[in-house]
Amino acid sequence: MQEIAALKKDRNAVVLAHTYQRGEVQDCADFVGDSYGLSVAARKVDARAIVFCGVRFMAETAAILNPSRPVILPEPQAGCPMADMITPGELQGLKARHPGHLVMCYVNSTAEIKALSDVCCTSSNAELIASRLPEGRGIIFVPDQHLGSWVQERTGREVVLWNGLCPTHLRITPEDVRAARRAHPGADVLMHPEVPRECRALADAVLSTGGMCDHVASSSKDEFVIATENGILHTLRKQNPGKRFHAVADDALCPNMKRGTLRSLRDALAGTGGERIEVKGEVAGKALRALEAMLRLGA
Ligand code: SF4
């Protein structure tokens, strides 16, 4: 930890970490948050470099939002299977089949998909953004079918769904929720909208990871069952030492998020590891437009 702190200072680098990262990595970060919070933070960084402890699409997003700073991803193999579940050709096909629809893409997507979209969203602002899109226009939502169906339910908008999903959130089952309720009868169940609909119906609240942090901080309850990637339990316990948290499923772990270690963070800061992530040219310009639309509509 001390070595990492010294390297950060030497390099004048800022470390951003997603709440699904390992606890020890979160503890070394200057900012820990969800995709939306990290996007806003990345944009404001004026240090000389950004080291992004997360997965590739997040580092790409930071590079698009703040192209004047090098963005280093400590674990170049850390991708997101959901982001890879739609290709630019497939999205072009959807657009051709639904002319006049607006394309809303979850930030968990490649830069090429963002570049073909009208607006990006995160799980914390998807409902708000959909509700602010011009009435009478249908929405093509990619790539996550479950967040897309959540937006559809919450806003009543006409939404064309794609068939992407998160394999980690898919591991959370209705039986997991029922078992957690039996084991912790006084706890509120907080669930991420990437979890399938039949499971969401069993939750007390459906919230983004940032939304969970805010909800817990302001709630009078002191016990929660958390139904998302388990890295967030570290964040919640640290922020709320008097409250108790239980994972709904022990295997709700994202193998890509868990690639990141203190060693790879140290190597990225020392310049002996990691990969500089850059997005250039027309793709960067068009993706920036969709991300800026998100920041404008979703704030
Ligand atoms: S938790 Fe799911 S959506 Fe998030 S990075 Fe992992 S696979 Fe992708």
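These are my notebook entries on a ligand site, a pair of rings and one alanine in a predicted model.

**Entry 1: the ligand**

I started with the ligand and asked which residues surround it. I found Tyr20, Val55, Cys80 and Pro81 there, together with Asn108, Cys166, Glu194 and Cys254. Sorting this shell by class, I got six nonpolar residues, one polar and one charged. Glu194 is on the list, and Glu counts as charged. I also looked up the space that the ligand takes, and that space is the largest pocket.

**Entry 2: the rings**

Next I went looking for aromatic pairs, and the count came to one. Why is the pair of Phe224 and Phe245 called stacked? Their ring centres are 5.7 Å apart and their planes meet at 15°, so the pair is stacked; the cut-off for that word is planes under 30 degrees apart. I then checked where the two residues sit. Phe224 belongs to strand S11 (residues 223-227) and Phe245 to strand S12 (residues 244-247), so the pair ties together parts that are 21 residues apart in sequence. Are these two buried or exposed? Both Phe224 and Phe245 are buried.

**Entry 3: Ala59**

My last stop was Ala59, which I found in helix H4 (residues 56-65). Its relative accessible area is 0%, so Ala59 is buried. Which residues does Ala59 touch, leaving aside neighbours within four places in sequence? I noted contacts with Phe52, Val71, Leu73 and Ile277. I also looked up Ile72: from C-alpha to C-alpha, Ala59 and Ile72 are 7.3 Å apart in space, with their positions 13 residues apart in sequence counted as the separation.

Conventions:
Residues numbered from 1 in each chain as written. Predicted model: local features only at pLDDT ≥ 70, side-chain atom pairs only at ≥ 80, totals over all residues. Heavy atoms only, no water. Near = heavy atom within 4 Å. 1 Å grid on protein atoms, 1.4 Å probe; cavity = no way out; pocket = protein on both sides within 12 Å on 5 of 7 lines; lining within 4 Å. Sits in = over half its atoms within 2 Å of the grid points. Phe/Tyr/Trp six-rings, centres within 6.5 Å; stacked < 30°, edge-to-face > 60°. Helix = DSSP H or I, 4+ residues; strand = E, 2+ residues; numbered from the N terminus. Buried < 20%, exposed > 50% of the residue type's maximum accessible area, 1.4 Å probe, protein only. Contact = heavy atoms within 4.5 Å.
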